[in-house]
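Here is a short briefing on one protein chain. Keep the sequence and the 3D view open while you read.

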Amino acid sequence: MQVLQADPNSQELLSELLLPHLHSYMLDDSQQLPPLLLQRCAELQHGEAVLVEPLPALLSCVLHLSEAQAQRQGTPAGSDGWGGGHTDAADEIDPQGMTLQACFNSIRHRLAQCTVEVFDLGLAADLSPLVPEGQLGQLHASNLLGCIEVVMEAVLGDIQQLKVEQPDSDKRNGDQVKRLGEELLKLFQLHQQVYSLACEGCKAGSRKGGKKKTAGESTEPQPPTAGQKRASPGSSF
């Protein structure tokens, strides 16, 4: 998003570039699960698992661009926006950006409804890093973990915004608090499921390999590169 920071007027161009790219890796049906096409993001090439699309990076770009779009449209009259000053609402609307934001919201909504099974990652034994197919499965899991974290970032952003708009916790919109809390919890649980499955796959790989532990070497599996375990979301509010 360095381009957007350097040139706020590039927002519409960036939306036009990102929208078809995002469509390549998501299901357009707003009711269909899972929303992301992980299998298109990594593939086997000459017997090796290769990452084709770092999907978390793409979603992060979409999220930040959507936030910029929302900031421009929601800027109160007389205050500064991305363009350095307030303009008419009609001049602020970016149709491509609005569609991009709707796509992200659709992914966010559906991801919170998912369980690990719908992503067809297989069993832990299918994720052994000792074989190409297992390495490919680990890449899919890593991509998915990163995507969940980006969506969790969006939810946390909404929670922080709610705190700003309604600083008195006793007077906050109860339904909104409940909805955001439940959404964050579901995403956290999904993240834990995927993370545990990927780690079990690493353990299965080490058991099959029969590698002996050397002095000072840890037997704990290394976590997937794109996902980091998070603390419980219970303290967000």
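Among contacts in the chain between residues at least 6 apart in sequence, 75% join residues at least 24 apart. The model is predicted. The chain has 7 helices and 2 strands. Two helix contacts and a few local backbone features are covered below.

**Overall make-up**

- From start to end, the elements run α-α-β-β-α-α-α-α-α.
- The chain holds 237 residues, and 40% of them count as buried.
- About 13,000 Å² of surface is exposed by the chain.
- Carbon and sulfur atoms supply 51% of that exposed area.

**Helix 2 against helix 5**

- Helix 2 spans residues 11-23, and helix 5 spans residues 95-111.
- Their axes come within 9 Å and cross at roughly 35 degrees.
- The crossing of helix 2 and helix 5 is left-handed.
- Helix 2 contributes S15, E16, L18, L19, L22 and H23 to the contact.
- Helix 5 contributes Q96, G97, T99, L100, C103 and I107.
- By class, this contact of helix 2 with helix 5 has 6 nonpolar, 5 polar and 1 charged residues.

**Helix 5 against helix 6**

- Helix 6 covers residues 132-165.
- The axes of helix 5 and helix 6 come within 10 Å.
- Those two axes cross at roughly 105 degrees.
- Angles of 65 to 115 degrees count as roughly perpendicular, so helix 5 and helix 6 fall in that class.
- On the helix 5 side, the contact residues are F104, R108 and L111.
- On the helix 6 side, they are L144, C147, I148, V150, V151, A154, V155 and D158.
- By class, the contact of helix 5 with helix 6 has 9 nonpolar, no polar and 2 charged residues.

**Cis peptide bond at P34**

- L33 and P34 are joined by a cis peptide bond.
- Omega for this bond is about -5 degrees.
- P34 sits in the loop between helix 2 and strand 1, with strand 1 at 42-45.

**Positive phi at H46**

- H46 is not a glycine, yet its phi is positive, near 55 degrees.
- The residue H46 belongs to the loop between strand 1 and strand 2.
- Strand 2 runs over 48-51.
- Is H46 buried or exposed?
- H46 counts as exposed, because its relative accessibility is 86% and the cut-off for exposed is over 50%.

**Positive phi at D120**

- D120 also is a residue other than glycine with a positive phi, about 55 degrees.
- Its place is the loop between helix 5 and helix 6.
- D120 has a relative accessible area of 63%, so D120 is exposed.

**K186 and Q113**

- K186 lies in helix 7, which spans residues 174-209.
- How far apart are the C-alpha atoms of K186 and Q113?
- The separation of the K186 and Q113 C-alpha atoms is 7.4 Å, although the two residues are 73 apart along the chain.
- K186 has a relative accessible area of 43%.
- That value is neither under 20% nor over 50%, so K186 is partly exposed.

Notes:
Residues numbered from 1 in each chain as written. Predicted model: local features only at pLDDT ≥ 70, side-chain atom pairs only at ≥ 80, totals over all residues. Heavy atoms only, no water. Axes fitted to C-alpha atoms, helices over the stretch in contact; angles between N-to-C directions. Helix = DSSP H or I, 4+ residues; strand = E, 2+ residues; numbered from the N terminus. Left-handed = near helix turned anticlockwise from the far one by under 90°. Contact = heavy atoms within 4.5 Å. Nonpolar A, V, L, I, M, F, W, Y, C, P; charged D, E, K, R; others polar. Buried < 20%, exposed > 50% of the residue type's maximum accessible area, 1.4 Å probe, protein only. Areas by Shrake-Rupley, 256 points an atom, 1.4 Å probe, with all protein chains shown as cover. Parallel < 35°, antiparallel > 145°, perpendicular 65-115°, else oblique.
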